[in-house]
Amino acid sequence: MNFDSIFSAAQEAFLFYKNLPGKEKGEFLDTLAETLEANRAEIVPLAVKESNLPEGRINGELGRTTGQIKLFANMVKEGSWVEATVDPADPNRAPLPKADIRRMLTPLGPVVVFGASNFPLAFSTAGGDTISALASGCPVIYKAHPAHPETSRKVADCIHQAILKSGLPSALFTHVEGGIAEGQALVKHPAAKAVAFTGSHVGGMALFDLANKRDEPIPVYAEMGSVNPIFCFPKKLAANNDALAKAFVGSLTLGVGQFCTNPGLIFVPESQAKTFENAIAEELKDIAGAPMLHPGIAQAYYDSIQFLESREELRWVKVADPKHLINGSTALAEIKAADWLADKVFQKEVFGAFAMMVVYQSEDELAEIAKNLHGQLTITVWAEEEELRNQLFLINLLEEKCGRLLFKGAPTGVEVGYAMQHGGPYPSTTAANSTSVGAHAIKRFARPIAFQDMPQDLLPDALRDGNPLGIWRLVNGNYEK
Ligand code: NAP
């Protein structure tokens with residue numbers, strides 16, 4: 001595959017596409033959502049076959065995919081996402097006159113996106129990374145995930161149909177199949193301006209290191225998973241023991257645990273651990289294992305469980321049953337907080353329906369846990385309001401450790417909206433100042449540029465006097481439309 005010609009065509013497409021009005025970019029994205037919807041009957045069975053995920057889930061995932069495309073379409077049509085900021089000139093300022101400075105976000109250029117195995121649609125070919133890059137004005141060179149090649153080709157075909165219908169250059173999107181060598185060549189290519197990735201820690205860090213060794217280092221937005229701890233407080237647990245056990249097990253086992261927001265760690269007070277454990281065991285009783293995404297992921301799951309089984313600090317509440325290797329069977333182990341704190345290996349993500357229940361003795365121990373916790377996508381606090389008010393110090397510590405802090409419900413089920421934050425401190429991602437889900441994801445593929453004393457008629461519309469786009473702008477420090 002000739003990557004030079006792919007990037008050169010993408011760069012040419014970029015110089016045309018970046019200057020199109022937001023309205024046209026948004027209409028293209030709307031056309032893509034319609035094209036995917038029109039091909040639902042073909043896409044869904046392919047994704048079901050290649051991912052082992054049930055039809056209901058895949059149907060829902062396609063709805064989520066088109067929903068997020070429409071969200072970005074609306075955003076770019078509206079236009080305020082560019083954060084236009086205007087500081088008008090003041091020629092009479094003493095002792096020095098003030099220049100006219102106008103700042104906005106502008107797209108980066110061609111970007112490389114890696115598809116994820118656990119979301120064959122919503123985090124893959126036309127998933128959030130691809131769409132937020134296209135919305136910002138960047139062409140995408142997409143490295144397909146080898147776990148679902150037919151689905152990926154079909155969706156890529158829909159993207160090209162939408163490009164054609166919209167009269168845009170076909171190099172706006174390129175579908176690349178291959179393995180590690182191809183992925184690395186894309187990241188190393190001098191014309192690549194950013195990388196988005198969802199997958200393993202090893203994979204994400206390999207790409208991050210590669211991007212930083214380039215002559216021109218580029219940002220890598222790698223989402224590498226998390227154990228999404230839940231902190232349980234005594235009064236909340238006493239009042240809701242069974243309901244919380246049910247919520248926990250539902251979140252743990254959803255999609256055979258193959259979510260980056262799957263709760264793999266739960267902290268429980270010692271005095272209530274047995275009662276809670278019994279309720280969890282009761283909930284787990286009827287949950288059978290189901291096929292995982294692919295044999296490699298199932299193998300990795302059982303290898304991690306086998307390693308943990310060799311550790312004497314753990315007491316097993318439910319052991320995994322690796323009889324049918326592709327099936328992910330739920331497992332739960334208990335450990336004392338002091339033992340958990342003594343070895344960081346207990347913080348490692350086990351991708352699948354496994355959780356560790358950590359039994360704590362005191363609030364001091366909880367604070368110690370919070371201080372030592374690795375960076376997470378989410379942290380959940382289950383506490384009564386009165387307990388929360390006594391835990392402000394702990395909450396302050398937890399804010400430093402995650403991208404999304406929940407006080408109700410369970411961490412799985414990431415809403416795609418304007419306020420969502422899906423990204424947290426390392427090692428959950430390589431860029432805690434960004435999100436891979438929700439409206440703010442678009443900013444990963446843009447950079448600020450300021451124009452100083454540029455003639456009015458040459459300025460981008462977003463920055464011109466009279467605000468011809470009618471967008472929200474910060475003018476002289478005040479927001480106005
Ligand atoms: P992965 O191994 O990280 O692979 C994801 C993509 O990155 C694939 O296209 C892969 O290429 C590429 N890649 C991986 N390492 C690379 C490297 N060193 N250089 C260049 N490209 C590289 O993830 P996976 O196959 O989906 O699943 C493996 C494990 O990842 C799971 O067991 C789980 O632990 C974790 N995972 C985490 C999340 C999450 O939510 N963060 C999601 C899915 C999986 P090729 O495969 O084509 O060679």
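**Exercise 1.** From which domains does the shell around the ligand draw at least three residues each?

*Solution.* In this predicted model, the shell around the ligand takes at least three residues from domain 1 (3–224 + 432–480) and at least three from domain 2 (230–406). The shell counts 22 residues, and the closest include Ser-117, Lys-143 and Gln-184. Sorted by type, the residues of the shell are 10 nonpolar, 10 polar and 2 charged.

**Exercise 2.** Find polar atoms of the protein that lie close to the ligand, and then state how much of the ligand is covered.

*Solution.* Begin with Ser-117, where an N or O atom of the side chain is 2.5 Å from an oxygen atom of the ligand. Continue with Gln-184, which has a polar side-chain atom 2.9 Å from a nitrogen atom of the ligand. On its own the ligand has 870 Å² of accessible area, and the protein covers 85% of that. Two or more residues of the shell come from each of α7 (180–188) and α8 (201–213), and α8, with 3 residues, gives the largest share.

**Exercise 3.** Describe the aromatic pair of Tyr-17 and Phe-28, and explain what the pair ties together.

*Solution.* The structure holds 10 aromatic pairs. In the pair of Tyr-17 and Phe-28, the centres are 6.4 Å apart and the planes stand at 90°; because an angle over 60 degrees counts as edge-to-face, the pair is edge-to-face. Tyr-17 belongs to helix α1 (residues 3–17) and Phe-28 to helix α2 (residues 22–38), so the pair ties together parts 11 residues apart in sequence. Tyr-17 is buried at 0% relative accessibility, and Phe-28 is buried at 1%.

How values were computed
Residues are numbered from 1 along each chain as its sequence is written. This is a predicted model: local features need pLDDT of at least 70, side-chain atom pairs count only at pLDDT 80 or more; totals for chains, interfaces and linings use all residues. Side-chain values use heavy atoms; hydrogens and water are left out. A residue is near a molecule or strand if one of its heavy atoms lies within 4 Å of it. A polar contact is a pair of N or O atoms within 3.5 Å; within protein, one must be able to donate a hydrogen and the other to accept it, and residues adjacent in sequence count only if both atoms are side-chain atoms. Accessible areas come from the Shrake-Rupley method with a 1.4 Å probe; for residues, only the protein chains shown count as cover. Helices (H or I, at least four residues) and strands (E, at least two) are DSSP runs, numbered from the N terminus. Ala, Val, Leu, Ile, Met, Phe, Trp, Tyr, Cys and Pro count as nonpolar, Asp, Glu, Lys and Arg as charged, and the others, Gly among them, as polar. Domain bounds come from an automatic or database domain assignment. Rings of Phe, Tyr and Trp (its six-membered ring) pair if their centres lie within 6.5 Å; planes under 30 degrees apart count as stacked, over 60 as edge-to-face and the rest as tilted. Buried means under 20% relative accessible area, exposed over 50%, partly exposed in between (1.4 Å probe, protein chains only).
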